[in-house]
Amino acid sequence: TLAPRTQQDYTKCYKMLSNIKINSSTKLIDIDLTKISRKQAKDTLYEVLNKNIKVRWAKMCMDFIRAIFNFGLDKDIISGENPFAKLGIPQGTKEQKLWECEELEKFCTTAYEMGKPEYALAVKLNSYLSNRPADYIKLRVSDIKKDENGEYYFETTSNKTNVTSFAYFPEELYNQIDKNKAPGS
């Protein structure tokens with residue numbers, strides 16, 4: 001079973017692929033993809049997608065097609081090799097890096113100076129909990145628990161994997177959460 005977010009992404013990919021034209025008279029959806037070679041998949045199809053939609057979605061659509069092929073191969077619906085597997089499509093060059101402690105502290109100090117303590121609190125919690133942003137959005141003060149040792153934690157279930165995890169954080173942050181909580185939160 002696919003995670004709900006993956007289902008949404010695949011639905012969006014299908015809709016995008018259904019509307020893309022390879023040329024003036026042929027829609028991508030009308031092409032027999034079992035007759036496409038690896039070279040055509042990478043050099044032609046990916047380029048068409050890349051021209052018509054954002055790079056991120058072009059890659060996701062290629063992953064979607066690859067997954068459909070794998071499903072067809074696994075279920076003996078089609079045979080042969082998956083021309084969309086391991087195409088070597090270059091990943092983006094956007095570099096992501098973890099903030100150093102000094103950068104976290106500077107951000108939090110600036111947030112307090114700007115009168116935005118909730119931004120500082122969010123960054124501090126993020127550094128402790130290390131969850132996906134979508135999982136933070138659903139956290140509520142009522143989700144905070146205290147264990148037998150008196151330590152505070154969130155018990156949360158991932159939107160993507162449906163796995164429950166426990167994320168501990170210091171009492172200092174609990175006091176900030178409690179002080180800033182909205183009525184009924």
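The following dialogue concerns a predicted model and the terms used to describe parts of it.

Colleague: What makes up the protein as a whole?

Modeller: The protein has seven helices and three strands. From the N terminus on, these elements run α-α-α-α-α-α-β-β-β-α. Of its 185 residues, 30% are buried.

Colleague: How do you know that the reach of helix α2 is close to what is expected?

Modeller: Helix α2 covers residues 38-52, which is 15 residues. The expected span is 1.5 Å times one less than the number of residues, and for α2 this gives 21 Å. From the first C-alpha of α2 to the last, the model gives 20 Å, a value close to the expected one.

Colleague: Where is the kink in α2 centred, and what is its angle?

Modeller: The kink in α2 is centred on Tyr46 and amounts to about 30°. That angle lies between two axes, one fitted to the seven residues ending at a residue and the other to the seven starting there.

Colleague: Which residues of α2 are called buried, and what covers them?

Modeller: A residue is called buried when its relative accessible area is under 20%. In α2, this applies to Ala41, Leu45, Tyr46, Val48 and Leu49. Their cover includes α1 (4-19) and α3 (55-74).

Colleague: What is the general reason why residues three or four places apart in an α-helix point the same way?

Modeller: An α-helix has 3.6 residues a turn, so residues at that spacing point the same way.

Colleague: Why are α2 and α3 called oblique to each other?

Modeller: Their axes come within 9 Å and cross at roughly 135°. Angles over 145 degrees count as roughly antiparallel and those from 65 to 115 as roughly perpendicular, with under 35 being roughly parallel, so the rest are oblique. The two helices are therefore oblique. The contact between them is made by Ala41, Leu45, Tyr46, Leu49 and Asn50 of α2, together with Val55, Ala58, Lys59, Cys61, Met62 and Ile65 of α3.

Colleague: What is the handedness of that crossing?

Modeller: The crossing of α2 and α3 is right-handed.

Colleague: What is notable about phi of Asp76 and of Lys86?

Modeller: Most residues other than glycine have a negative phi. Phi of Asp76, however, is near 55°, and phi of Lys86 is near 50°. Asp76 lies in the loop between α3 and α4 (101-113), and Lys86 is found in the loop between α3 and α4.

Colleague: Why are Asp76 and Lys86 called exposed?

Modeller: Exposed means a relative accessible area over 50%. Asp76 has 68% and Lys86 has 77%, so Asp76 is exposed, and Lys86 is exposed.

Conventions. Residues are numbered from 1 along each chain as its sequence is written. This is a predicted model: local features need pLDDT of at least 70, side-chain atom pairs count only at pLDDT 80 or more; totals for chains, interfaces and linings use all residues. Side-chain values use heavy atoms; hydrogens and water are left out. Helices (H or I, at least four residues) and strands (E, at least two) are DSSP runs, numbered from the N terminus. Buried means under 20% relative accessible area, exposed over 50%, partly exposed in between (1.4 Å probe, protein chains only). Contact means heavy atoms within 4.5 Å. Axes are lines fitted to C-alpha atoms, for helices over the stretch in contact, and angles run from 0 to 180 degrees between N-to-C directions. A crossing is left-handed if the near helix is turned anticlockwise from the far one by less than a right angle, and right-handed if clockwise.
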